[in-house]
Amino acid sequence: MSKVVHQLKENELKEIEELFEKKIALENLLKIITQEEDEARYQKLLADYGKQCRLFQEWWDRMNQTYSWGQGNFYVDFHEAQVIAQ
């Protein structure tokens, strides 16, 4: 059963949207750029992806610490600007 645990503020929604979109874009690039084709670009892409994943996780950690959601699985409903607990 899903439960809304937080209504995101405009700045919180904007921040997680940007982080999420960049993360997905980098994941898609990793699917099409191979290490064999362009070693330097691939290594840069891996570094960028690692940084983006860290920033994404830091957002979740910061929001959980701020709003005390506790342990569990959460996701963002971007349309409704809500954090949902599964």
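Student: Which residue of strand 3 does Phe 74 stand opposite?
Tutor: Let's set the ground first: this is a predicted model, where local features need pLDDT of at least 70, side-chain atom pairs count only at pLDDT 80 or more, and totals for chains, interfaces and linings use all residues. Residues are numbered from 1 along each chain as its sequence is written, and side-chain values use heavy atoms, leaving out hydrogens and water. Strands (E, at least two residues) and helices (H or I, at least four) are DSSP runs, numbered from the N terminus. Strand 2 and strand 3 run antiparallel, joined by 4 bridges, and the residue opposite Phe 74 is Ala 85.

Student: Which are the edge strands of the sheet?
Tutor: Two strands pair if DSSP finds at least two bridges between them, and 4 bridges join strand 1 to strand 3 (residues 82-85). The open sheet has 3 strands in the order 1-3-2, paired antiparallel. Each edge strand pairs on one side only, and these are strand 1 (3-7) and strand 2 (74-77).

Student: By what angle are neighbouring strands of this sheet turned against each other on average?
Tutor: Axes are lines fitted to C-alpha atoms, for helices over the stretch in contact, and angles between N-to-C directions run from 0 to 180 degrees. With direction ignored, the average here is 30°.

Student: And what angle does helix 2 make with strand 2?
Tutor: Contact means heavy atoms within 4.5 Å. Helix 2 (residues 39-67) packs on the sheet and touches strand 1, strand 2 and strand 3, and its direction relative to strand 2 is about 95°.

Student: Which side chains of strand 2 are buried?
Tutor: Buried means under 20% relative accessible area with a 1.4 Å probe and protein chains only (partly exposed lies between that and exposed, over 50%). The side chains alternate: Tyr 75 and Asp 77 point to one face and are not buried, while those on the other face are, namely Phe 74 and Val 76.

Student: Which element gives the most residues to the largest nonpolar core?
Tutor: A nonpolar core is a set of buried Ala, Val, Leu, Ile, Met, Phe, Trp, Tyr and Cys residues joined through side-chain atoms within 4.5 Å. The largest has 14 residues, and among those touching the most other members are Trp 59, Trp 60 and Val 76. Helix 1, helix 2, strand 2 and strand 3 each give two or more residues. The one giving the most, with 4 residues, is helix 2.
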